Structure formats: structure tokens, C-alpha cells
Amino acid sequence: MESRLQALFNDGDLERTLQFGPLNLIACDLDDTIYDGHGDFVELKERVAELINDYLPDVDKSWLIQKYEETEALSMARYGSAYHRLFLNVADMYLQACEKVDGDPFVGRFGELFGIIREVFSEENYAKKGLMPGSLEVLRELKANQINNRPNLLLLFTQGGHMLQMPKIKGLGLNQFFDSAKIIPRKTLAEYIALSEEYDSNPIVMIGNSRYHDIKPAIEAGFNGAVYIANEPWAQDAKGKLPEADNILKYDSMKAVSEDLPNFFDFLEKVLHP
Ligand SMILES: [Mg+2]
């Protein structure tokens, strides 16, 4: 059965909302823009290394972390998506530990590894962590204010698997700010073009932390503007240069945006024209 949140986030509701247009569409990335997604992977890595080390004290924890990071770098290039990496990294760390001790003394505790994945990426853990500083204030302002006499429709535009992103959206209470959410496997140029076509004549901006996944494709797809939050903990986010365009505004963090709201809104007013 569809949950209340899923119902809220389905496209049918969005279409109904759009009938009231025109609106400003504000597409916002989730991980490492308003939420510290990278931090979850650091937590996972440390906790899995600790568990294996606890069971196999001869296998050094820093060696395990090094192996995990090697796998991470390889699988990042091959698969990109966090979902693929997550299971590969954990399985690889475990298998390498078994190889090092020449056996499988870990049998029977394999479920604990997956228990850690479940805990780290659980709704409860997200609720405990909350959004990155400044994000709440900025989202609140975007929701409460009009720009160029049009209300703002906030769209969460994120890549990843539903199983990873839905508990995050619930735990962080994002349904109170966002009118809709799109969770897609890869943020490609084609996805941005599809998004701007779907929203037709409504002006649209992108807010995101990745030059490669958020800013460059949004500008290339003809979005009216983009706000670049320069926080790129993953190498793949930082691929390529920021396009040279006067419809891109750059900040170091959402905290910096929250401390600069008048200029932020001036910029949005300037770019958000149908
Ligand atoms: Mg991101």
C-alpha cells in the first residue's frame, strides 16, 4: 500500500499543484547539499571495521578501512551510485578480512554486518542527525516567500535508490518543506531536460553541491539559474569545471546561504523569469 508520504510525492499531486501555476520551481539536491550524506558512509565504514576488528583482533582496523577505501574508489568509478557501492564495500571488507586470516571465522555474524547497514541508513538515525546547518532556515524561507509574485514549488531532486532515500526523506521530515520528490538512479543531462520539459513554461532553478551532477547539467538543460553549494566530498561530484555563466551563484555551504538571504533572494528574483 502506498504510504501517505509516497502519495504526497507522486506525480499526480504535482500535476494538480501545477494547475494553479505559474510557479517558481526550485529543484534542490539532497545529499551533501542539505544533508550530510557523506557522513553516513564514514559512519558505516568505521562501524563495520570495528565489528570485524572486534571479531578478528589480529586484523588491524586501519588496514580494514584502507581496504574499504580502495574498493570505494574502484566501485565509485564503475558504478557511481551509493547503493551499489554500499554493499560492495562492506562485502569486500569482510572478504578481505577472511582472506587475511585464511578462513571464515566470521560465519554466523554476517547478519550483524547488514544490521549495521540497516541502522546507519534508518529513519531513526536520520531523525537523530537532522539537516546540515542553515538548511532548515533556507528551506523555510523558500517555502514561506513568493518570488516575482509567484509561489515557490520545492522539488527534491536526488539520485539514489528508494530504499536509501525514502527513510532519509521521512526521518528528516522533508515533506514539510518539499512539495514533490524525484528519486532517480543517475542525474544525467537527459533527466534535467525531461524535468524542464515536464514543468513547461514555469521558471526553474537548481540548488546542489555537485558541479558535475547538479550545476552543469541544469545549466545545459536550460534551467533559469543554479545555486552551487561548494561541498564536494566525493571526487565524482567535482568532475569538470563550473560553467562560466552569470546565472550561477556560489556559496560554501547552506549556512552561508542562510546568512546571506537578501542576496540569495535577489539572485533568484533576477533569474526566475518565465
Ligand atoms: Mg549531492
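Biologist: Which residues of α4 are met by Lys45, Ala49, Glu50, Ile52 and Asn53 in α3?

Modeller: This is a predicted model, where local features need pLDDT of at least 70, side-chain atom pairs count only at pLDDT 80 or more, and totals for chains, interfaces and linings use all residues. Residues are numbered from 1 along each chain as its sequence is written. Helices (H or I, at least four residues) and strands (E, at least two) are DSSP runs numbered from the N terminus, and a contact means C-beta atoms, placed from the backbone, within 7 Å. On the α4 side, the partners of those α3 residues are Lys61, Leu64, Ile65 and Tyr68.

Biologist: How many residues of the contact of α3 with α4 are charged?

Modeller: Asp, Glu, Lys and Arg count as charged; Ala, Val, Leu, Ile, Met, Phe, Trp, Tyr, Cys and Pro as nonpolar; the others, Gly among them, as polar. The contact has five nonpolar residues and one polar. The charged ones number three.

Biologist: At what angle do the axes of α3 and α4 cross?

Modeller: Axes are lines fitted to C-alpha atoms, for helices over the stretch in contact, with angles from 0 to 180 degrees between N-to-C directions. Helix α3 covers residues 37-55 and helix α4 residues 61-79. Their axes come within 9 Å. They cross at roughly 135 degrees.

Biologist: Is Asp32 buried or exposed?

Modeller: Asp32 sits in the loop between β1 (24-28) and α3. A residue is buried if 20 or more other C-beta atoms, placed from the backbone, lie within 10 Å of its own, exposed if 12 or fewer, and partly exposed in between. Asp32 has 21 such neighbours inside 10 Å, so Asp32 counts as buried.

Biologist: What is phi of Asp32 near?

Modeller: Most residues other than glycine have a negative phi. Asp32 is not glycine, yet its phi is positive. The value is near 70 degrees.

Biologist: What separates the C-alpha atoms of Leu156 and Leu30?

Modeller: Leu156 lies in strand β3. Beyond four places in sequence, its contacts include Cys28 and Leu30. Leu156 and Leu30 are 126 residues apart along the chain, but their C-alpha atoms are separated by 6.9 Å.

Biologist: Which strand gives the largest share of the largest nonpolar core?

Modeller: A nonpolar core is a set of buried Ala, Val, Leu, Ile, Met, Phe, Trp, Tyr and Cys residues joined through C-beta atoms within 7 Å. This one has 48 residues, and Leu156 is one of those touching the most other members. Five residues, the largest share, come from strand β3.

Key: Contact = placed C-beta atoms within 7 Å.
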